[in-house]
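This report goes through one protein chain, from its overall build to a handful of single residues. Please keep the structure in view while reading.

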Amino acid sequence: SFPNISVENSPGIFLDDLSDLKIVNTLDLENGYLFLNGWNLVMGHHTPGNIRNYSSRHFIVTGGSFGGGFLYRSNISGAGNTIVFPIGTTPSSYTPVAVENQGAATVIRASVSDSVRKNLTTGSNLLLTSVNKTWQVDMAQPDAAVALHLAFDKSDQGPSYEANRNTAYLARYIDNRWDLA
């Protein structure tokens, strides 16, 4: 593990032939990206850690495949405390998620992948009727009460989704199907 890491080169840092990376205190994304390449980034030690200087040009790239690498943030707690997961699938696709935990402190991991599949990882691509991204957000506390805030680019919207945006909803994959309720 490292106490702090600062990304100050373009295009950034690529995790390769390593193991998961742990940063105890601060990740500074001053200039460039952090490419996970299938590995995980664990932020903080009994805290969510601090990620600063992230933007649509400086963030953590999880990759376009489902399960391509996760950003873990530890001990997220307290209503009104929003923790940002500055992630995207490629350098041109910044699709962050922000989490407000309104329950007991927990570890939360997040990743994002390109496409929405009928059977989560297989089946037809539902790109015409969805935002063409799947965010995977998991909590260590199974009964965690969280509010999720997802961001995406307009170009990720399928035509049916865009035409019906005012009736859009967030679906989750549970019990081998998309929960549309």
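## Terms and model

A residue counts as buried when its relative accessible area is under 20%, as exposed when it is over 50%, and as partly exposed in between. Asn53, with a relative accessible area of 43%, is therefore partly exposed. The model discussed here is a predicted one.

## The chain as a whole

The secondary structure of the protein chain consists of 1 helix and 15 strands. Its radius of gyration is 16 Å, close to the 16 Å that the globule rule gives for 181 residues, so the chain is as compact as a globular protein of that length. Measured out along its principal axes, the C-alpha trace spans about 45 × 35 × 30 Å.

Of the 181 residues, 38% count as buried. Among the contacts with a separation of 6 or more, 56% are between residues 24 or more positions apart. The protein chain exposes about 9500 Å², and carbon and sulfur atoms supply 49% of that area. The chain has 12 positive and 15 negative charges, and the mean positions of these two sets are 6 Å apart.

## Backbone features

Most residues other than glycine have a negative phi, and most peptide bonds are trans. The residues below are exceptions to one or the other pattern.

Asn37 has a phi near 50°, a positive value in a residue other than glycine. Asn37 is in the loop between strand E2 (21-35) and strand E3 (41-43). Its relative accessibility is 45%, which lies between 20% and 50%, so Asn37 counts as partly exposed. Asn53 also has a positive phi, near 65°. The loop that holds Asn53 runs between strand E4 (50-52) and strand E5 (60-61).

The peptide bond from Ser10 to Pro11 is cis, with omega near 10°. Pro11 belongs to strand E1 (residues 2-14).

## Gly32 and strand E1

Gly32 is in strand E2. Its relative accessible area is 3%, under the limit of 20%, so Gly32 is buried. Gly32 and Ser10 are 22 residues apart in sequence, yet their C-alpha atoms are 4.7 Å apart in space.

Leaving out residues up to four places away in sequence, Gly32 touches Val7, Asn9, Pro11, Gly12, Arg57, His58 and Phe59. One of these, Pro11, is the residue that follows the cis peptide bond.

## Thr47 in a loop

Thr47 is in the loop between E3 and E4. With a relative accessible area of 37%, Thr47 is partly exposed, because this value lies between the limits of 20% and 50%. The side chain of Thr47 reaches the backbone nitrogen of Gly49 at 3.2 Å.

When neighbours within four places in sequence are left aside, Thr47 is in contact with Ser74 and Asn75. Thr47 and Leu18 are 29 residues apart along the chain, and their C-alpha atoms are separated by 24 Å.

## Asn101 and its polar contacts

Asn101 is in strand E10 (residues 97-101). Its relative accessible area is 0%, which is under 20%, so Asn101 is buried.

Which backbone oxygen does the side chain of Asn101 reach at 2.8 Å? One is the backbone oxygen of Ile76. The backbone oxygen of Ala104 also lies 2.8 Å from a polar atom of the Asn101 side chain.

## Gln136 in strand E12

Is Gln136 buried or exposed? With a relative accessible area of 17%, Gln136 is under the 20% limit and is therefore buried. Gln136 is in strand E12 (residues 133-139).

The side chain of Gln136 makes a polar contact with the side chain of Asp138, at 3.3 Å. Not counting residues up to four places away in sequence, Gln136 touches Phe66, Gly67, Phe70, Arg109, Ala110 and Ser111.

Terms used:
Residues numbered from 1 in each chain as written. Predicted model: local features only at pLDDT ≥ 70, side-chain atom pairs only at ≥ 80, totals over all residues. Heavy atoms only, no water. Helix = DSSP H or I, 4+ residues; strand = E, 2+ residues; numbered from the N terminus. Buried < 20%, exposed > 50% of the residue type's maximum accessible area, 1.4 Å probe, protein only. Polar contact = N/O pair within 3.5 Å; in protein donor to acceptor, adjacent residues only side chain to side chain. Contact = heavy atoms within 4.5 Å. Rg over C-alpha atoms; globule rule 2.2 N^0.38 Å. Areas by Shrake-Rupley, 256 points an atom, 1.4 Å probe, with all protein chains shown as cover. Lys, Arg positive; Asp, Glu negative; His and termini not counted. Charge placed at Lys NZ, Arg CZ, Asp CG, Glu CD.
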